[in-house]
Amino acid sequence: MQCIQTSTNSSYPGSCNPSVTIDAVNRISQAQHQLEEKESELESSKEQLLRDLYSFASEEENYSRLILKYFQLQENYLSDSLQLVQKAISDMSQTIRLQKRLTTFGRHLPDHLAETKRSIAYVLDVCINYLDQESIMQEEGLFRKSGSQKRTDLLVKALNVMQIDEHLFRKCDCAVVAGALKQYLLSLPEPLITYDFADQWAAASKKPNSTAVNLQLIRSCLEKMPKEFRLNLGYLMCFLQKLSSQSDVNKMTSDNLSIVIAPNVYRLSSCSMSTGNNIVNGSSVRPTEDL
């Protein structure tokens, strides 16, 4: 319903504008009402804020004490944590200084035996114990045939840090274990037949001499050799003698064994040999069968 004009051309103040509707008037009235409500809510919120501020001001000291207590607890916690970290650093540093990781390949035999408090070298003991089985002793070409290079490298790395287990051994055949043993012997800075007695051992092995003379020379060498080398050489030789006693089956006669073992236990000090670290790290080493 539109407003009724009193005159078509009338424009005096207060006259109804044809564009203004009752709906517009209602919306303006509603907006005015909402504005008043919001102003009332704002005033109420201001009053509530003032009440909270006054209440907080009255308890400010207590709140400050709580915050201070929180920071004190944080300080104690961080201080205790720092002490624990400092102690851990100190303990680890001392452990590193006192407990150096022991390795076997490339280690001077007397040093290795002293460090591990053993009489027989770890690698020699572990490998021979594995190989000294009836079924393996009858394996044709033991020490002559090569095993998997990857498995041999894996076994060498485990033996080097003395971390061998049955699970790893089950993955390795006898050729792999024999190959690792030869690599260990080759890695020794001083061979089992020591440099000082290399010439005497060579003289004892000459065939023109009689057996009695050769045995006397060998006995003389053994008596004069350092105890560590004598015991480990004897341990190896006893095993090889047992292996050669079954040469009718395994084809590894004493002559055949000397071909593959001698280069690993006998060499002159002037020979340039690969170090144990090179063997462990996977550097190429000339196979003993080719020597």
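Accessible areas come from the Shrake-Rupley method with a 1.4 Å probe. Keep that in mind as you work through these exercises on a predicted model.

**Exercise 1. Describe the protein chain as a whole: which elements does it have, and how much of it is buried?**

Step 1. Start with the secondary structure: the protein chain has 14 helices and zero strands. Read from the N terminus, the elements therefore appear as α-α-α-α-α-α-α-α-α-α-α-α-α-α.

Step 2. Turn to the surface. The accessible surface of the protein chain comes to about 19,600 Å², and 54% of this area belongs to carbon and sulfur atoms.

Step 3. Now look inside: of the 291 residues, 28% count as buried.

Step 4. Finish with the contacts. Among those with a separation of 6 or more, 73% are between residues 24 or more positions apart.

**Exercise 2. Find the two surface patches that involve helix H1. Which residues form them?**

Step 1. Locate helix H1, which covers residues 22–58. Glu 47 is found in this helix, and Tyr 54 lies in helix H1 too.

Step 2. Take the charged patch. Glu 36, Glu 37, Glu 39, Glu 43 and Glu 47 form a negative surface patch.

Step 3. Take the nonpolar patch. Leu 49, Leu 50, Leu 53 and Tyr 54 make a nonpolar surface patch of about 430 Å².

Step 4. Classify one residue from each patch. Glu 47 has a relative accessible area of 45%, so it is partly exposed. Tyr 54 reaches 59%, and because exposed means over 50%, Tyr 54 is exposed.

**Exercise 3. Phe 143 and Met 162 both have a positive phi. Where do they lie, and is each one buried or partly exposed?**

Step 1. Look at the backbone angles. Phe 143 has a positive phi of about 80° although it is not a glycine. For Met 162, also a residue other than glycine, phi is near 55°.

Step 2. Place them in the chain. Phe 143 lies in the loop between helix H5 (134–137) and helix H6 (149–160). Met 162 sits in the loop between H6 and helix H7 (166–171).

Step 3. Apply the cut-off: buried means under 20% relative accessible area. Phe 143, at 1%, is therefore buried, while Met 162, at 23%, counts as partly exposed.

**Exercise 4. Which residues does Asn 232 touch, and how accessible is Asn 232?**

Step 1. Find Asn 232 in helix H11, which spans residues 227–244.

Step 2. Check its accessibility: at 1%, Asn 232 counts as buried.

Step 3. List the residues around it. Leaving out residues up to four places away in sequence, Asn 232 touches Leu 109, Leu 113, Ser 119, Ile 120, Ala 121, Leu 124 and Leu 192.

**Exercise 5. Which helices do the buried residues of helix H13 pack against?**

Step 1. Pick out the buried residues. In helix H13 (residues 254–265) they are Leu 257, Val 260, Ile 261, Pro 263, Asn 264 and Val 265.

Step 2. Follow them to their partners. The buried residues of H13 pack against helix H8 (174–187) and helix H11 (227–244).

**Exercise 6. Describe the setting of Lys 224: what is its helix, and is it buried or exposed?**

Step 1. Lys 224 belongs to helix H10, residues 211–224.

Step 2. Its relative accessible area is 53%, so Lys 224 is exposed.

Step 3. Compare sequence and space. Lys 224 and Phe 197 are 27 residues apart along the chain, and their C-alpha atoms are separated by 8.6 Å.

Note on methods:
Residues numbered from 1 in each chain as written. Predicted model: local features only at pLDDT ≥ 70, side-chain atom pairs only at ≥ 80, totals over all residues. Heavy atoms only, no water. Patch = residues over 30% accessible without salt bridge, like charges linked within 9 Å, V, L, I, M, F, W, Y side chains within 5 Å. Salt bridge = Lys/Arg side-chain N within 4 Å of Asp/Glu carboxyl O. Lys, Arg positive; Asp, Glu negative; His and termini not counted. Charge placed at Lys NZ, Arg CZ, Asp CG, Glu CD. Helix = DSSP H or I, 4+ residues; strand = E, 2+ residues; numbered from the N terminus. Buried < 20%, exposed > 50% of the residue type's maximum accessible area, 1.4 Å probe, protein only. Contact = heavy atoms within 4.5 Å.
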